Amino acid sequence: MKTGSADSASAVKVGEFYELRTDSTIQNSSHYNDDIAPTQVKERTWNVWNVAALWVGMAICVPTYTLGGVLTAYFGLSVVEALMAILIANIIVLIPLTLNAFPGTKFGIPFPVLLRSSFGMIGSNIPCLIRALVACGWFGIQTMFGGLAIHILFSNLLPGWESLGGTGEVIGFFIFLVLNLYIVIKGAESIKILETLAAPLLLAVGIGLMMWASPKISYEALLAMPANRPEGASFFGYFAAGVTAMVGFWATLSLNIPDFSRYVRSQKDQISGQIIGLPLTMFFFAALGVVLTAASTSLVGETISDPVTLIGKIDSPFWVVIAMILIIIATLSTNTAANIVSPTNDFQNIAPKKINQTRGVLLTGLIGVLLMGWELLKKLGMIESDVSVEAMYSGWLLGYSSLLGPIAGIMIVDYFVIKRQHLSLPDLYLTNGCYSGFNMNGMIAFALPVALTVFSLLTGELNWFYQYGWFTGSIAGGLIYWLIARTSSVPVSQLVPQND
């Protein structure tokens with residue numbers, strides 16, 4: 001069966017999947033290279049447990065550990081409220097995650113290629129670059145934590161290393177960066193192996209740490225701690241802002257989940273794997289962070305919310321070494337999957353003939369270093385700053401979720417409502433196919449919510465639109481996209497690529 005307007009290339013249905021049969025027209029197209037081409041059925045080997053392991057590996061990381069502290073310190077929530085916000089947010093984010101994963105599994109296409117349907121062949125680069133820059137920012141933050149873990153590891157293994165101070169942390173940053181880039185350059189199978197091996201190990205360590213710390217704290221006192229917000233302030237406003245920020249934590253993956261679902265062997269596996277792997281892992285590891293932060297006073301004599309620093313202060317080189325190795329594995333499993341794969345594909349979308357997977361990975365690493373330049377210079381003692389990474393991403397979560405929300409809404413409405421789960425696979429790679437250079441419906445539906453967000457930030461008006469940015473943005477973006485399509489002079493039926 002042949003789809004779309006390509007003359008000799010075809011999309012052949014194999015079970016519930018579609019495979020692209022390429023010809024010279026597609027292979028020579030400026031929008032095609034082998035790395036962003038649709039996966040073949042034989043490449044779709046990820047089962048439900050591989051998907052679950054992917055999410056366990058991504059969710060168990062230093063930023064997740066600190067989320068409880070971010071919500072209590074910067075969003076005015078109590079410990080119980082913070083943990084509930086994390087659980088609810090991760091149940092909510094499952095909706096766009098599973099929906100946007102559908103076309104990836106069905107057609108084997110990565111995120112930027114899927115965006116060509118709703119934003120256009122060239123227009124897709126705008127949301128791609130936004131997503132890529134957010135990922136590069138997170139890549140830098142995670143690499144900073146991984147580099148600190150390497151520095152502490154070497155300080156306990158190599159005499160004199162500790163005296164390097166900030167310079168040792170910067171060296172650790174670049175060692176960790178190279179490890180990340182190498183794994184992703186090796187391909188999707190290496191990521192699957194890493195996540196599958198790391199997930200049970202990390203869960204076992206987390207459970208062990210929870211059991212170890214529990215006798216050192218009073219759960220009754222911890223859960224009774226009051227909220228850090230003005231007396232008489234509305235609970236709903238603070239809680240909703242916290243939930244929005246926590247949705248923003250994985251709003252990134254809710255867009256580019258096709259980068260992984262294209263390797264999954266069935267829709268059932270991608271749905272079940274995400275439900276099993278994400279919400280409870282996030283809740284558990286955030287709760288572990290709250291418990292260990294509370295226990296840190298009795299452990300090391302001061303309150304420390306960063307697990308790398310906390311473990312580094314424990315007076316036992318053996319356990320510090322073991323713990324740092326585990327933190328390096330945890331951060332590596334998160335960073336490779338969550339923060340390198342997406343920008344690698346996104347940068348390829350700009351110029352597939354000039355940027356392949358290896359070049360995309362190296363470009364991601366370079367931008368990640370540049371975005372963390374301030375922190376690196378601070379560690380080298382060349383500048384001074386009191387702004388912590390934790391404080392930085394408390395606002396960072398809300399800010400980028402306002403940009404990513406509209407993209408998620410547009411993608412879901414385009415695929416499920418407008419295109420009715422039909423895509424012309426060959427035309428997604430052709431310059432003169434059925435998809436235009438710029439889909440103005442998508443561009444307008446994205447620009448209007450972003451304009452409202454900017455207006456809110458500049459004027460202080462419509463503050464709720466920014467505070468709840470992912471929700472307001474995704475609803476507004478999807479609704480505007482649908483309304484434009486409904487009122488278009490082109491009938492909706494003609495917007496749907498039909499199978500021949």
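**Entry 1: a lysine to begin with**

I started at Lys419, which is buried, with a relative accessible area of 5%. This is a predicted model, so everything I note here is computed from it. I wanted to know which residue meets the side chain of Lys419 in a salt bridge. I found Asp414 there, at 3.0 Å from N to O. Asp414 has 3% relative accessibility and counts as buried too. Both values fall under the 20% cut-off, so I wrote "buried" beside each of the two names.

**Entry 2: the other salt bridges**

How many salt bridges does a search of the whole structure find? I got five. Side chains of opposite charge can pair when their charged atoms come close. I looked up two further examples.

Lys192 and Glu189 join their side chains in a salt bridge of 3.1 Å, N to O. I traced both to helix α9, residues 188-213, where they sit three residues apart, about one turn of the helix. Lys192 is buried at 12% relative accessible area, whereas Glu189 is partly exposed at 41%.

Next I turned to Arg21 and Glu19, whose side chains form a salt bridge at 2.6 Å, N to O. Is Glu19 buried or exposed? I noted it as buried, with 9% relative accessibility. Arg21 is partly exposed, and its relative accessible area is 35%.

**Entry 3: the largest pocket**

I then went looking for empty space. Rolling a probe the size of a water molecule over the atoms shows where empty space is left. The largest pocket came out at a volume of about 490 Å³. I listed 23 residues in its lining, and those nearest the centre are Val205, Leu209, Ile311, Ala323 and Leu326. The elements that give two or more residues to this lining are α3 (62-74), α9, α14 (279-300), α15 (307-312) and α16 (317-350).

Which element supplies the largest share of the lining? My note says α16, with eight residues. I also sorted the lining of the largest pocket by class: 21 residues are nonpolar, two are polar and none is charged.

**Entry 4: a glutamine in α7**

Gln142 caught my eye next, in helix α7, residues 125-157. Gln142 is buried, with a relative accessible area of 3%. What does Gln142 touch, leaving aside residues up to four places away in sequence? I wrote down Cys61, Pro63, Phe176, Thr331, Thr334, Asn335 and Asn339.

**Entry 5: rings**

A search of the whole structure for aromatic pairs gave me 17. For Phe119 and Phe446 I read ring centres 6.3 Å apart and planes at 75°, so I logged the pair as edge-to-face. Phe119 belongs to helix α6 (residues 111-119) and Phe446 to helix α20 (residues 440-459), so this pair ties together parts that are 327 residues apart in sequence. I marked both Phe119 and Phe446 as buried.

Trp464 and Phe465 make another edge-to-face pair, 5.7 Å centre to centre with 70° between the planes. I checked each partner: Trp464 is partly exposed at 48% relative accessible area, while Phe465, at 6% relative accessibility, counts as buried.

My last look was at a cluster. Ring pairs link Trp55, Trp138, Phe249 and Trp250 there.

Methods:
Residues are numbered from 1 along each chain as its sequence is written. This is a predicted model: local features need pLDDT of at least 70, side-chain atom pairs count only at pLDDT 80 or more; totals for chains, interfaces and linings use all residues. Side-chain values use heavy atoms; hydrogens and water are left out. A salt bridge is a side-chain nitrogen of Lys or Arg within 4 Å of a carboxyl oxygen of Asp or Glu. Buried means under 20% relative accessible area, exposed over 50%, partly exposed in between (1.4 Å probe, protein chains only). Helices (H or I, at least four residues) and strands (E, at least two) are DSSP runs, numbered from the N terminus. On a 1 Å grid over the protein atoms alone, a cavity is a set of points where a 1.4 Å probe fits but cannot get out, and a pocket is an open set with protein on both sides within 12 Å along at least five of seven lines; lining residues have an atom within 4 Å of a point. Grid points are joined across faces, edges and corners, and a volume is the space filled by probe spheres set on the points. Ala, Val, Leu, Ile, Met, Phe, Trp, Tyr, Cys and Pro count as nonpolar, Asp, Glu, Lys and Arg as charged, and the others, Gly among them, as polar. Contact means heavy atoms within 4.5 Å. Rings of Phe, Tyr and Trp (its six-membered ring) pair if their centres lie within 6.5 Å; planes under 30 degrees apart count as stacked, over 60 as edge-to-face and the rest as tilted.
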